Amino acid sequence: MISLLRIDDRLIHGQVAYGWSKALEINVILVVNDEAQNDQMKAMALNLAKPDSVKLYIRGVQESGEIVNKFAQSQKSKVLVLVKNTDDALALVKSSGGVLKEINVGGLRFSEGKRKLTDLVAVDDKDLANFKEMEDSGVQLEFRMLPRDKKKNLKDLLKN
C-alpha cells in the first residue's frame with residue numbers, strides 16, 4: 001500500500017527517514033527522481049540516509065506510475081513515495097491509475113521568483129498550477145513537515 005506520497009526537494013533526510021518512516025511504519029521508500037536514478041553518488045547518499053530496516057528503490061519518473069500502481073495493491077509493503085518537485089508529483093498522479101489520493105507537501109526551497117507558503121515551502125506559478133491540477137483530479141494536498149504537525153491545505157495557505 002502507498003502510505004504517503006511526499007514532495008520534498010531534499011528527498012531523504014532526517015524528517016523523512018525517521019519522522020515519517022517510523023510514524024507510518026514504512027518498510028519501503030520509493031524515490032522517484034530521474035537525477036538520482038542516473039547518479040550513483042546521489043543514489044549511495046540516499047541509501048545511507050534511510051533507516052536500515054527500510055528497502056530503497058530509486059526509479060525514473062516515466063517508469064514509476066506503473067510501479068506505484070503495483071505497490072498500491074501490495075498488502076506487505078508500506079511505501080513512502082518521495083518526489084523532488086511538483087512536476088514529478090503531477091506526472092506520477094497522471095500515470096499511476098488513480099491510486100494516489102493524498103500528497104504531503106513538505107519541502108520546496110525558496111528561490112528567485114517563488115513566494116513562501118510556509119517557512120519551508122515556496123512556490124511559483126507553475127507549482128500552483130500543478131497543485132490545482134492535482135486537486136482537480138481528486139488528490140488532496142496537505143502541507144506539514146512532520147506527522148505530529150497540524151495539516152494545512154492550499155486554500156488556507158493562499159489566504160495569507
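**Close-up views of a predicted model**

Aspartate 8 and arginine 6 are both buried. That pair opens this set of legends, all drawn from a predicted model.

**Figure 1. A salt bridge joins two buried side chains, those of aspartate 8 and arginine 6.** The nitrogen-to-oxygen distance between arginine 6 and aspartate 8 is 2.9 Å. Both residues belong to strand 1, which covers residues 2-8. For the wider picture, the structure holds 15 salt bridges, and a few others appear in later views.

**Figure 2. Six strands line up in an open, parallel sheet.** Reading across the sheet, the strand order is 3-2-4-1-5-8. At the edges sit strand 3 (55-59) and strand 8 (140-143), each of which pairs on one side only. From one strand to the next, the twist averages 25°. As a reminder, strands of a sheet pair through backbone hydrogen bonds, in either a parallel or an antiparallel way.

**Figure 3. Strand 1 runs parallel to strand 4, with helix 5 lying across both.** Strand 1 and strand 4 (residues 79-83) are joined by 5 bridges. If you would like one pair to look for, isoleucine 2 has valine 79 of strand 4 as its bridge partner. Helix 5 (residues 86-95) also lies across strand 2 (28-32) and strand 5 (102-107). Its direction makes an angle of about 130° with strand 4.

**Figure 4. Two loop residues other than glycine have positive phi values.** Leucine 11 is found in the loop between strand 1 and helix 1 (14-23), and its phi is near 60°. Glutamate 25 lies in the loop between helix 1 and strand 2, with a phi of about 50°. Is each of them buried or exposed? Leucine 11 has a relative accessible area of 4%, so it is buried. Glutamate 25, at 54%, is exposed.

**Figure 5. Phenylalanine 143 belongs to the largest nonpolar core.** This core has 30 residues, and those touching the most other members are Ile103, Phe131, Met134 and Phe143. Helix 5 supplies the largest share of the core, 4 residues. Which residues does phenylalanine 143 touch, leaving aside those up to four places away in sequence? They are Val105, Leu117, Val121, Phe131, Lys150, Lys151, Lys152, Asn153, Leu154 and Leu157. A second, separate core contains 16 residues, among them Ile26, Ile29, Val31 and Ala36. In soluble globular proteins, nonpolar side chains tend to be buried together.

**Figure 6. A salt bridge links helix 6 to helix 5 through glutamate 133 and lysine 94.** The N-to-O distance for this pair is 3.0 Å. Glutamate 133 lies in helix 6 (residues 125-136) and lysine 94 in helix 5, so their contact ties together parts that are 39 residues apart in sequence. Glutamate 133 is partly exposed, with a relative accessible area of 35%. Lysine 94 counts as exposed because its relative accessibility is 55% and the cut-off is over 50%.

**Figure 7. Aspartate 156 forms a salt bridge with lysine 159 within helix 7.** Their closest N and O atoms are 3.8 Å apart. The two residues are 3 apart in helix 7 (residues 154-159), so about one helical turn separates them. An α-helix has 3.6 residues a turn, so residues three or four places apart point the same way. Aspartate 156 is partly exposed at 37% relative accessibility, whereas lysine 159 is exposed at 62%. Elsewhere, Glu102, Glu142, Arg144 and Lys151 are linked in a network of salt bridges.

**Figure 8. Helix 4 has a set of buried residues covered by strands and helices.** What is the end-to-end C-alpha distance of helix 4 (residues 61-73)? The end C-alpha atoms are 19 Å apart, which agrees with the 18 Å that 13 residues should span at 1.5 Å a residue. The buried residues of the helix are Val61, Ser64, Gly65, Val68 and Phe71. Their cover includes strand 1, strand 2, helix 2 (34-38), strand 3, strand 4 and helix 5.

**Figure 9. Glycine 14 of helix 1 is shown with leucine 56.** The two C-alpha atoms are separated by 15 Å, while the residues are 42 apart along the chain. Glycine 14 is partly exposed, with a relative accessible area of 43%.

Terms used. Residues are numbered from 1 along each chain as its sequence is written. This is a predicted model: local features need pLDDT of at least 70, side-chain atom pairs count only at pLDDT 80 or more; totals for chains, interfaces and linings use all residues. Side-chain values use heavy atoms; hydrogens and water are left out. Two strands pair if DSSP finds at least two bridges between them. Axes are lines fitted to C-alpha atoms, for helices over the stretch in contact, and angles run from 0 to 180 degrees between N-to-C directions. Contact means heavy atoms within 4.5 Å. Buried means under 20% relative accessible area, exposed over 50%, partly exposed in between (1.4 Å probe, protein chains only). A nonpolar core is a set of buried Ala, Val, Leu, Ile, Met, Phe, Trp, Tyr and Cys residues joined through side-chain atoms within 4.5 Å. A salt bridge is a side-chain nitrogen of Lys or Arg within 4 Å of a carboxyl oxygen of Asp or Glu. The expected span of a helix is 1.5 Å times one less than its number of residues.
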